[in-house]
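Colleague: I am new to this structure. Please take me through one part of it closely, and then show me what else is worth a look.

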Amino acid sequence: MAAFRTRLFVVAAVTVMSATCLETTFTHSAYLDAAHEKYFLQWMYNADTITFRVEVATLGYVGFGISPNGDMTGSDIVTGFVTDQGDTFFYDRYAAARATPTIDASQDWTLEASGENGTHTFLQFSRNLVLCDDTDRTIKAGTTRVIWAYHEEDPRHDTVLMYHGGTRGARSLMLLSGPQLTREMPEDVQSMEFLNDAYAVPYKRVTNYLYRGFKVPDVGGKKHVIAFEPVVQPGHEGLVHHIFLYACLEDLNPDLYDGVQHLRQSPDYPEHWRSCKVTIIAWDVGGAGIHYPEQVGLSVGAPGDPTFLLMETHYNNVQHMKGTKDSSGIRLLYTSQLREYDLGFMQLGMEVARTQAIPPGCQSFVSVGTCYPDCLENAMEEESIEKINVVGVHFHAHLAARKMRMRHVRNGVELPWLGSDENFDFNFQQTVRLQREVEVLKGDYLILECTYNTEDRRQTTYGGARTQDEMCLGHILHYPNMKLRRCKSNPHRAAYLAALGATGVTFSAAENDFVVTRPPHMAGKTMKKLLHHFASWNEKLRQKFQEVQITGNTSAICLKRDSSYEEYHRQKVTMREPPPVILRPYKETDVCKTPRTSTVASSVKLRKESNEYINGIHGAKSKSARKRGSRRKTTKNHRKLNLSPWRHHSGARKTGW
């Protein structure tokens, strides 16, 4: 065993927290290396601090970090390892480049517990959410990129790390979402599954939307769905981009369409399915399922509940894989122990249509979809309620999206955002339970704002179903339930034509679109034709299109569960006024206005006696001997931890270290 030399200016000996710290009830968990399941992360947080626990299948050093973009450069990192003698060395570091991270002058991460057994190393540590330091990253709501690494051996020096090699990676997580799980699951919980049946995924096209019909099983009267989880076929995690479950505006015969499936572009696609516009479940790539809060459940089996559901599976076959058959889908967990409220699920933002147009060459272009207060107010009056309580949010967009924000405006004053993701990741789109419920009252505006970067594109990006197209969708989970299912808006096509120089427009049935009537040289042209053949993008035209998005007239969608398909189409072409100017926009508090004073650097060297107490090795053979004996068996002895959140509902797992 190499001797450990420690620099005097970073030495600090502290006692490990008592063994009870290992019984902490963590509220979130994830494997950071999902394909191998050797690096397991748990975490919990409060208003000021966040606590992590990593369990890694190695007897060497472990690294964990908060990254700006999934890369090492600019990351706030901790590294730690347990020696053969039972001492732990733990350092707060930062990475100025893709090189060995530097030990931070201010050691802001606190080690709470550590240890090893024959196969795994664990570290439990915490830090403040906000550290006003150039070498630390603030942890905020929304998507956070975390990075991880480990090595099979301890360093030969307490501060010098060997290169980790290929055992490293990055993952996006919602660190500050509400709890993933309920505290306890009812004993009578049952499941119903909606799965594709070994569908042969097309390989010539990258984007394919499969629709499959399902008759809802008879569950014997009203039940409450209290959770859903994705069922993604192993190995298809990069192929299945999203799965949505829809109810329909029209009453469809469930027996006629049960098990029937078609691609969106299929000539045999049933015309009646086009009325299936009512989203009830939305899952996207990289996300987990969600347990609904204890007071709400999604109603199934009651009079008026859907008897037929249409499942949409978006396959993103970038590698054009041949011969792939997929049986992915959605699993719903339901109970007869009814909760106080029925859950509502409402879609906000913009309709998926070519009325969303994003110019090329934009560093930051904002699309806006508005839920107008008259739509919300009428829906509340039908239910005789004065407000709804929002308990969760979900964002959905494609490759050009960079930021998502759900704004909440009352009487011209913007309230704190319902949800915000300043670091949106196309490959990680998770439904998030809010930390606190938010009341939405009659008269409120709900505005979804999506920010895109198209600097690498030469053509206009339109709203559409293809991966290279864009979307600007948000969903809110709320109670009590209402009939309202979509409350959205799009810039009106006539506003775009005006931005392109039209002085007169009319709707053309032949084009199924608005066309120019004046001036004469533009007559008969649609927006798409003008952009494709007559207009060239420059900064002035980009700015005009941005103004249309923010302040132009709109077509508003107010879709209820009992709306007709004809009414839905009529709303898409009706013009209405632009949303009002927000008199007092909301601004997040800057908690770092007063610079913090850096503290003297220190590393944490834990006392051997405390490690022995936590690990329970008194009277056992020496740790050094156990470690030497187990090193040759690390791979063989790696145990796949049984940590599925759907099977462990009671909180912390006893690890038996």
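Modeller: Start at Glu312. In this predicted model, Glu312 is buried, with a relative accessible area of 5%. The cut-off for buried is under 20%, so Glu312 qualifies. Its side chain meets that of Arg264 in a salt bridge, at 3.9 Å from N to O. Arg264 is partly exposed, at 37% relative accessible area. The two residues come from distant parts of the chain, 48 residues apart. Glu312 sits in strand E22, and Arg264 in the loop between E18 and E19.

Now look at the sheet around E22. Five strands make up this open sheet, in the order E18-E15-E22-E17-E19. The pairing is antiparallel. E18 (261–263) and E19 (278–284) are the edge strands, and each pairs on one side only. Neighbouring strands are turned against each other by 20° on average, direction ignored.

Take one pairing in this sheet. Strand E17 covers residues 240–247, and strand E22 covers residues 308–316. The two run antiparallel and are joined by 6 bridges. Follow Leu245 across, and its bridge partner in E22 is Met311.

Go back to the loop between E18 and E19. Arg274 is found there too. Arg274 is partly exposed, with 31% relative accessibility. Leaving aside residues up to four places away in sequence, Arg274 touches Tyr269 and Tyr565. Arg274 and Tyr565 are 291 residues apart in sequence. In space, their C-alpha atoms are 8.4 Å apart.

Next, other salt bridges. The whole structure has 28 of them. One joins the side chains of Arg466 and Asp469, at 2.9 Å from N to O. Arg466 is partly exposed, at 40% relative accessible area. Asp469 is buried, at 7%.

Another joins the side chains of Lys483 and Asp562, at 3.5 Å from N to O. Lys483 lies in the loop between strand E35 (473–479) and strand E36 (484–491). Asp562 lies in the loop between strand E39 (554–560) and helix H6 (565–573). The pair therefore ties together parts that are 79 residues apart in sequence. Lys483 is partly exposed, at 27% relative accessibility. Asp562 counts as exposed, at 52%. Salt bridges can also share partners, as those of Glu193, Glu229 and Arg331 do, which join the three residues into one network.

Last, helix H5. This helix has 13 residues, 539–551. At 1.5 Å a residue, H5 should span 18 Å. Its end C-alpha atoms are 18 Å apart, so the two values agree. The buried residues of H5 are Leu541, Arg542, Phe545, Gln546, Val548 and Gln549. These cover an arc of only 155° around the axis, so they lie on the same side of H5. Turn to the face away from that buried side, and the exposed residues are Glu539, Lys540 and Thr551.

What does the buried side of H5 pack against? Its buried residues meet three strands and two helices: strand E27 (357–358), strand E28 (365–371), E36, helix H3 (493–499) and helix H4 (527–534). E36 has come up before, as one end of the loop that holds Lys483.

Technical notes: Residues are numbered from 1 along each chain as its sequence is written. This is a predicted model: local features need pLDDT of at least 70, side-chain atom pairs count only at pLDDT 80 or more; totals for chains, interfaces and linings use all residues. Side-chain values use heavy atoms; hydrogens and water are left out. Two strands pair if DSSP finds at least two bridges between them. Helices (H or I, at least four residues) and strands (E, at least two) are DSSP runs, numbered from the N terminus. Axes are lines fitted to C-alpha atoms, for helices over the stretch in contact, and angles run from 0 to 180 degrees between N-to-C directions. A salt bridge is a side-chain nitrogen of Lys or Arg within 4 Å of a carboxyl oxygen of Asp or Glu. Buried means under 20% relative accessible area, exposed over 50%, partly exposed in between (1.4 Å probe, protein chains only). Contact means heavy atoms within 4.5 Å. The expected span of a helix is 1.5 Å times one less than its number of residues. The arc is that of the directions from the helix axis to the C-beta atoms.
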